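Work through the exercises below with the sequence and the model side by side. Try each task before reading its solution.

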Protein chains: 2
Amino acid sequence: FMFQRRLYTSYHKLIKVNYFSTNNNFIRLTRNLSIMSSQQNHKLCMIPGPVEFHEDVLTSMSTKATSHVSPSFIPVFGESIELLRKVFVTEQGQPIVVSGSGTLGWDMVASNLIEPGEDALVLNSGYFGDSFAACLKVYGAKVTEVKSEIGDRPTLQEISDALSTKSFKLITITHVDTSTGVLSDVKAISELVKKQSPNTLIIVDGVCSVGSEEIRVDEWNLDVVLTASQKALGVPPGLSILIVSERAIQTFKDRKSPIPSYYASWAHWLPIMNAYESRKGMYFATPPVQLIYALNTSLKQITSTPLETRFEQHKKVSDQIKSVVESLGLQFVPKSREVAANGMTAVYYPEGIQPADLLQKVASHNVVIAGGLHRAIATKYFRIGHMGISVTEPERKHIDNTITALTTSLKELGYSGN
Amino acid sequence: FMFQRRLYTSYHKLIKVNYFSTNNNFIRLTRNLSIMSSQQNHKLCMIPGPVEFHEDVLTSMSTKATSHVSPSFIPVFGESIELLRKVFVTEQGQPIVVSGSGTLGWDMVASNLIEPGEDALVLNSGYFGDSFAACLKVYGAKVTEVKSEIGDRPTLQEISDALSTKSFKLITITHVDTSTGVLSDVKAISELVKKQSPNTLIIVDGVCSVGSEEIRVDEWNLDVVLTASQKALGVPPGLSILIVSERAIQTFKDRKSPIPSYYASWAHWLPIMNAYESRKGMYFATPPVQLIYALNTSLKQITSTPLETRFEQHKKVSDQIKSVVESLGLQFVPKSREVAANGMTAVYYPEGIQPADLLQKVASHNVVIAGGLHRAIATKYFRIGHMGISVTEPERKHIDNTITALTTSLKELGYSGN
């Protein structure tokens, strides 16, 4: 018993010394290599979320029981709210952090901003556009969709045409549709909406983009950006996260009909966020304490480097993977590099390769990639996630290992390229 | 680096040997004492949720990144659904596990079972009755409340009188109102409803009771029991958990109006639960993988002992704490022992003792207890949680330490008893 304790204590002491003695890159690298060994026998999770998690984030997940209104937790939640503003590049936007999946984010938008009978314009570049539209309808919206072919996104001309037909309360953009890997040009769309329909609220589904794609809430005049914890924010699933503009809050306050949700109502969440940010506890629903500790750890890591560097890293790694896919003679789901996301890659199986075979073969090389999700082509393509520490900490060799696993697997299955 | 790894590996090897070599109590005790040392400097979280978490549950919280549809996760989720049936003592009831706080459970009931204009009877024994009523109203219910004085619960006569006024679609019972520590007699109420109004669905808010109070879904004819992870189920906050009877599901299927929620709709969750239980992955929203690993670990621990033993343990510890409180001359919020919960104790401050002073003093003895929550008396009482491993593993001495911290603190603040 004493022996065990001594071992345990010594281990942690060594780690701490490494961590706090200096923060130069060599030490970080050494430390990562050493801690990373604890994840050695684990199959890499290279799907478009959940992504691989940093060891410090996982350690935060096992934070000992802590009261949600205790003096140790309140500042952690408060600081996380502040750090989210940095990640979303906003000064006035109000972060809201709720226990729930990313899917809850649609209810958090629709139930607070839509009043029955109001018009919503949904830009559809895949499965998640369909779902956002379905959710808006539940809350009484009359939905107009601009839908593109699989692998494409609505053009600015199509969006402009749609905007000219009605006065839309809001427009939704799926920044990256996880089902197709298609990237939308949020900045250009926002500029168009501002010019053509300035009263329309601009809503971005950033579940698969926040932390891996450039996004600037204030500069791009976005009203809501919703996301989840388990993608490029690098935190296990269980947090629905939103940034809400002052204009969106005002719209919410001005609504005439009652809010048709209890759990998702901003009337409950805004005071909670204000309380924690001013370092006071307040109760509506018990916050997921451990997930918020993990969020805090990850946000500190993310904001310790300029966001520009982060986006460049994601772009560079994405280019690397896409070049490999291209050199293998495989075909992307997105119709061009221009409309393809930087945090994931969606690729059609080559002829003759069965879906289950490839996923299992890749898994046998200790890398997990994902199958298809878009209903119309679900069995025809696979998806690779490349977000977060797998991208920003190349010493982990996640990307190299993924490329090797993919190319080896294809070879083993008899695929010899184009 | 090699040295660290050796230390780390040795530590885990020792633990594993202890754990798997035998399961007799002595070894469990030794193992617990040894692992518990890692929580030594941590203030005990003795509030009515979140409760103290077992080390193995915390370790599960830091499970490495795992796909929500991977062959390693699917059986864990599937088994957790099966284990929940055991904890709720039901064969036909359908467990639903959703990423969210306990508060989401009310929306999960109201949005699926209430159609606009239908009558709901809410038995109110504190803050959480008010909130459940508020949530039901959001979804169009006409709510009748049977409200008792603070510290009391509606009598069977009052409930019977209310039932005779209308045909209620559903009745809600807060099993334990966390704000007052008042326990409802769910079994007796259910018998009354079955006799007097058999078509009324029986809904139990078991957030602060499941795992600490006797509850038998099938035998007591309950239609929905909703709970959360962070109380007697012993898992960090972030899971909304429900059991839904066949009758409730049929009522849901027979509803004529559309379901007024997207995220909370059973139309999405029932197929997901069925899929995972039959060991298949299916996607609606990314499940909180790490929390579900933790749930699985805790449910295995809970079901390894007969539930009767568990309930007796909670009753015994509750009696012990309540006797100490009584011997100190303090007054309970619940008006009698009969209406008092077994997993928590709500106590009025003695005259002359300031709320903040007592909570801080107790915290200085490394025990965290909670202040008041019921709006009308919030600054006048405190609450102690005694659920889960703090009760079932007496070798941890959580209860002893809590009693010592409380009595010592009162003495130090000059309170000398009655």
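The exercises cover annotated sites, backbone geometry, helix packing and burial.

This is a predicted model, in which local features need pLDDT of at least 70, side-chain atom pairs count only at pLDDT 80 or more, and totals for chains, interfaces and linings use all residues. Residues are numbered from 1 along each chain as its sequence is written, chains are lettered from A and ligands numbered from 1 in the order in which they are written, and side-chain values use heavy atoms, with hydrogens and water left out.

**Exercise 1. Place the annotated residue Arg383(A) and describe its surroundings.**

Step 1. Start from the record. UniProt, in an unreviewed entry, lists Arg383(A) under "binding site". UniProt positions follow the numbering used here, feature names are shortened, and annotations may be inferred rather than shown by experiment.

Step 2. Find the element. Arg383(A) sits in strand 13 of chain A, residues 381-385. Helices (H or I, at least four residues) and strands (E, at least two) are DSSP runs, numbered from the N terminus.

Step 3. Check burial. Arg383(A) has 9% relative accessibility and therefore counts as buried. The classes are buried under 20% relative accessible area, exposed over 50%, and partly exposed in between, with a 1.4 Å probe and protein chains only.

Step 4. List contacts (heavy atoms within 4.5 Å). Residues up to four places away in sequence are not counted; the partners of Arg383(A) include Met46(A), Pro48(A), Thr178(A), Ser179(A) and Met344(A). Ile369(A), Ala370(A), Gly371(A), Gly372(A) and Leu373(A) are also among them.

Step 5. Look at the side chain. From Arg383(A), it reaches the backbone oxygen of Thr178(A) at 2.8 Å.

**Exercise 2. Do the same for Lys231(A).**

Step 1. The unreviewed UniProt entry gives Lys231(A) as "modified residue: N6-(pyridoxal phosphate)lysine".

Step 2. Lys231(A) lies in the loop between strand 9 (224-228) and strand 10 (239-244) of chain A.

Step 3. Its relative accessibility is 6%, so Lys231(A) is buried.

Step 4. Beyond four places in sequence, Lys231(A) touches Pro48(A), Gly49(A), Val51(A), Thr178(A), Val207(A), Cys208(A) and Met387(A).

Step 5. Add the domain from the record. UniProt's unreviewed entry lists residues 64-384 of chain A as "domain: Aminotransferase class V". Over residues 64-384, chain A is 38% helix and 17% strand, with the end C-alpha atoms 34 Å apart.

**Exercise 3. Which peptide bond is cis, and what is its omega?**

Step 1. In chain A, Gly49(A) and Pro50(A) are joined by a cis peptide bond, omega about -5°. Pro50(A) is in the loop between strand 1 (44-45) and helix 3 (55-61) of chain A.

Step 2. In chain B, the bond from Gly49(B) to Pro50(B) is cis, with omega near -5°. Pro50(B) lies in the loop between strand 1 (44-45) and helix 3 (55-61) of chain B.

**Exercise 4. Locate two non-glycine residues with positive phi, Lys397(A) and Arg279(B).**

Step 1. Lys397(A) has phi of about 65°. Lys397(A) occupies the loop between helix 14 (389-392) and helix 15 (398-412) of chain A. With a relative accessible area of 45%, Lys397(A) is partly exposed.

Step 2. Arg279(B) has phi near 60°. Arg279(B) is in the loop between helix 10 (266-277) and helix 11 of chain B. A relative accessible area of 35% makes Arg279(B) partly exposed.

**Exercise 5. How do helix 4 and helix 11 of chain B cross?**

Step 1. Take the axes, which are lines fitted to C-alpha atoms, for helices over the stretch in contact, with angles from 0 to 180 degrees between N-to-C directions. Helix 4 (residues 74-87) and helix 11 (residues 289-303) of chain B have axes that come within 9 Å and cross at roughly 40°.

Step 2. Helix 4 of chain B is therefore oblique to helix 11 of chain B. Angles under 35 degrees count as roughly parallel, over 145 as roughly antiparallel, 65 to 115 as roughly perpendicular and the rest as oblique.

Step 3. Name the contact residues. Helix 4 of chain B contributes residues including Val76(B), Ser80(B), Leu83(B) and Val87(B), and helix 11 of chain B residues including Ile292(B), Asn296(B), Leu299(B) and Thr303(B).

**Exercise 6. Is helix 5 of chain B covered or open?**

Step 1. Count. In helix 5 (residues 104-113) of chain B, 10 of its 10 residues are buried, and the helix is mostly covered.

Step 2. Among the buried residues are Trp106(B), Asp107(B) and Asn112(B).

Notes:
A polar contact is a pair of N or O atoms within 3.5 Å; within protein, one must be able to donate a hydrogen and the other to accept it, and residues adjacent in sequence count only if both atoms are side-chain atoms.
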